[in-house]
Amino acid sequence: MQASPQRQEPSSPTRSKGGLTAVSDKESQQIIREKISLVELVSKYSELRSSGPGKYIGNCPLPGHDDSTPSFNVDESKQVFHCFGCKGGGNATSFVQAMENIPRAQATEKLLNSLGYTRQPRRPEDKPLDLMEKLAWTYHRNLFAASGK
């Protein structure tokens, strides 16, 4: 009888200071996707109503968009949103990033903390990526500040 191959589990979460469970960046996106309801998150900012099975619509809550007609759509099964008026879209992390005007890493950390998790400390070889993310965010923020959006 042949033994079935064993699945390797992702690196196991560890407890960190403050009682939060530390997870890798890859695991953090999976946890957010599985445990955060985008419908509930968006409903804190805008009233949504059902427009079909797992589909919701409402006025766009994104900054810089005064929406008078429902153009903001949330797909519960895909955990994504899209506004047909301002063309904004994304997932729970990008929604928090836009609503609070914070970098993606900070939005991810905020969502993880609300679930009792935190990101594992970055490795030294990740520092160039962190710097590039900060530079990209600064460029993005300044670009939209200059254009008035």
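## Exercises on a predicted model

Ser71 sits in the loop that runs between β4 (55-58) and β5 (72-75). The structure is a predicted model, and the exercises below start from this residue before turning to the sheet, the whole chain and a pocket.

**Exercise 1.** Decide whether Ser71 is buried or exposed, and state which residues it touches beyond those up to four places away in sequence.

*Solution.* Begin with the relative accessible area of Ser71, which is 10%. The cut-off for a buried residue is under 20%, so Ser71 counts as buried. Next, leaving out residues up to four places away in sequence, list the contacts of Ser71: they are Gly58, Cys60, His65, His82, Cys83, Phe84 and Gly85.

**Exercise 2.** Work out in what order the strands of the open sheet stand, and find which strands form its edges.

*Solution.* First, the open sheet is made of 5 strands, whose order is β3-β4-β5-β6-β7, with antiparallel pairing. Its edge strands, each of which pairs on one side only, are β3 (48-52) and β7 (89-90). Then look at the edge formed by β7, where 2 bridges connect this strand to β6 (residues 80-83) in an antiparallel arrangement. Within this part of the sheet, His82 is found opposite Gly89 of β7; His82 is also one of the residues that Ser71 touches.

**Exercise 3.** Describe the protein as a whole, starting with how many helices and strands it has.

*Solution.* Count the elements to obtain 5 helices and 8 strands, and then follow them from the N terminus, where the order reads β-β-α-α-β-β-β-β-β-α-α-β-α. Turning to burial, 31% of the 149 residues count as buried. The exposed area of the protein is about 10200 Å², of which carbon and sulfur atoms supply 53%. Finally, consider contacts between residues at least 6 apart in sequence: 42% of these join residues at least 24 apart.

**Exercise 4.** Characterise the second largest pocket by asking how much space lies in it, which helices contribute to its lining and which classes of residue the lining has.

*Solution.* The space in the second largest pocket comes to about 220 Å³. Its lining consists of 13 residues, and those nearest the centre are Ile36, Leu41, Lys44, Leu111 and Ser114. At least two lining residues come from each of α2 (38-43), α3 (92-100) and α4 (104-114), while α4 gives the largest share, with 3 residues. Sorted by class, the lining holds 6 nonpolar, 2 polar and 5 charged residues.

Notes
Residues are numbered from 1 along each chain as its sequence is written. This is a predicted model: local features need pLDDT of at least 70, side-chain atom pairs count only at pLDDT 80 or more; totals for chains, interfaces and linings use all residues. Side-chain values use heavy atoms; hydrogens and water are left out. Two strands pair if DSSP finds at least two bridges between them. Helices (H or I, at least four residues) and strands (E, at least two) are DSSP runs, numbered from the N terminus. On a 1 Å grid over the protein atoms alone, a cavity is a set of points where a 1.4 Å probe fits but cannot get out, and a pocket is an open set with protein on both sides within 12 Å along at least five of seven lines; lining residues have an atom within 4 Å of a point. Grid points are joined across faces, edges and corners, and a volume is the space filled by probe spheres set on the points. Ala, Val, Leu, Ile, Met, Phe, Trp, Tyr, Cys and Pro count as nonpolar, Asp, Glu, Lys and Arg as charged, and the others, Gly among them, as polar. Buried means under 20% relative accessible area, exposed over 50%, partly exposed in between (1.4 Å probe, protein chains only). Contact means heavy atoms within 4.5 Å. Accessible areas come from the Shrake-Rupley method with a 1.4 Å probe; for residues, only the protein chains shown count as cover.
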